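Q: I've got a fold on screen and want to learn to read it properly. Can you walk me through it, feature by feature?

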Amino acid sequence: TPQLSTSPLTTSHTTLLPSFPHSFTHSFSHKKKPPKRMVSIRCATVDDMNDMQHCNLLCLPENYNMRYYLYHIITWPQLSQVAIDEKGRVVGYVLAKMDDEDIEVPHGHITSLAVKRTHRRLGIAEKLMDQASRAMVEVYRAHYCSLHVRCGNRAALHLYRDKLKFSVSEVEKKYYADGEDAFAMKRDLTECRKEALQWYGADDVVNKVNKDDESVTKALAQLKVTAN
């Protein structure tokens, strides 16, 4: 009878598997599922500014001083949003405002959007953008939303163009401080305006309103007056 070698790997006739610890072999057969991340979205406040700036510095090359955050939050308090994790920490934000250049056609503008790397691929950026867009419609009756994005930022372009249905309106040469070009993009908010009507319980109004954006504006304005 052949004798087994004391080596854990071989004998004179048979190759043996090494004796791994139970915890090591267990990791092969049962992969641990990533923990669920609970995130809520709410309006940003002055108390969130430090965390928003920290998130911005971690994620983006375009940075702002504290006065700029304060200007957005005080002037348009309903628009900027933050994403909060289960421990109350800011893990993402959108800094938004209304554009005062075109008074006849009110529209909003996204100044900055960022989500920490630990919380990406969870749909947080999309939800932040949707919440800001709804606020633009409900509070300021915005017709569309605009933003700028680096031409080479493929991830952001995928979010804006493919998921949020922004379209490129023009290319602005050397828009950024480092000389990179920017896409100027716009998102039509007609659907958000109709959703706002439904939120106020005006399904019958929505059914009567055609694609004429002015009709949606008048109906929404009438409901806001009634609600107040």
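A: Sure, and contacts are a good place to begin: contact means heavy atoms within 4.5 Å. With that in hand, take the contacts in this protein between residues at least 6 apart in sequence: 59% of them join residues at least 24 apart. Bear in mind that this is a predicted model, where local features need pLDDT of at least 70, side-chain atom pairs count only at pLDDT 80 or more, and totals for chains, interfaces and linings use all residues. Residues are numbered from 1 along each chain as its sequence is written, and side-chain values use heavy atoms, with hydrogens and water left out.

Q: How many helices and strands are there in the protein?

A: Helices (H or I, at least four residues) and strands (E, at least two) are DSSP runs, numbered from the N terminus. Here you get eight helices and seven strands.

Q: What is the order of the strands in the sheet?

A: The general idea: strands of a sheet pair through backbone hydrogen bonds, either parallel or antiparallel. Two strands count as paired if DSSP finds at least two bridges between them. In this case the sheet is open, with seven strands in the order β1-β2-β3-β4-β5-β7-β6 and mixed pairing. The edges belong to β1 (40-43) and β6 (167-172), each with a single partner strand, so one side of each has no neighbour in the sheet. From one strand to the next, the twist averages 25°.

Q: Which way do β3 and β4 pair, parallel or antiparallel?

A: Antiparallel, over eight bridges. To find the register, look at Gly-92, which stands opposite Val-115 in β4.

Q: And how many bridges join β4 to β5?

A: Three, and those two strands run parallel. Two places to check are His-107, standing opposite Tyr-144 in β5, and Gly-108, whose bridge partner in β5 is Cys-145. On to the next pair: β5 (residues 144-150) and β7 (residues 182-188) are antiparallel, with seven bridges. There, Ser-146 stands opposite Lys-186 in β7.

Q: What packs on the sheet, touching β3 and β4?

A: That's α3, which touches β3 (90-99) and β4 (107-115), its direction making about 65° with that of β3. Axes are lines fitted to C-alpha atoms, for helices over the stretch in contact, and angles run from 0 to 180 degrees between N-to-C directions.

Q: How many residues of β4 are buried?

A: Buried means under 20% relative accessible area, exposed over 50%, and partly exposed in between (1.4 Å probe, protein chains only). For β4, nine of its nine residues are buried. In β5, six of its seven residues are buried. Across the protein, buried residues make up 37% of the 228 residues.

Q: Now helix pairs. At what angle do α2 and α3 cross?

A: Two packed helices are described by the angle between their axes and the distance between the axes. For α2 (residues 49-59) and α3 (residues 66-75), the axes come within 10 Å and cross at roughly 120°. That makes α2 oblique to α3; under 35 degrees counts as roughly parallel, over 145 as roughly antiparallel, 65 to 115 as roughly perpendicular and the rest as oblique. The contact brings together Met-49, Asn-50, Met-52, Gln-53 and Asn-56 of α2 with Met-66, Tyr-69, Leu-70 and Ile-73 of α3. By class, this contact has six nonpolar, three polar and no charged residues (Ala, Val, Leu, Ile, Met, Phe, Trp, Tyr, Cys and Pro count as nonpolar, Asp, Glu, Lys and Arg as charged, and the others, Gly among them, as polar).

Q: Which residues of α4 meet α6?

A: The axes of α4 (residues 124-140) and α6 (residues 190-199) come within 9 Å and cross at roughly 70°, so the two are roughly perpendicular to each other. Ser-133, Arg-134, Val-137 and Glu-138 in α4 meet Cys-192, Arg-193, Glu-195 and Ala-196 in α6. Sorted by class, the contact of α4 with α6 has three nonpolar, one polar and four charged residues.

Q: Last one, the backbone: which residue in the loop between β4 and α4 has a positive phi?

A: Most residues other than glycine have a negative phi, and most peptide bonds are trans. Arg-121, in the loop between β4 and α4, has a positive phi of about 65°. At 85% relative accessibility, Arg-121 is exposed. Arg-141, in the loop between α4 and β5, also has a positive phi, of about 55°. With a relative accessible area of 34%, Arg-141 is partly exposed.
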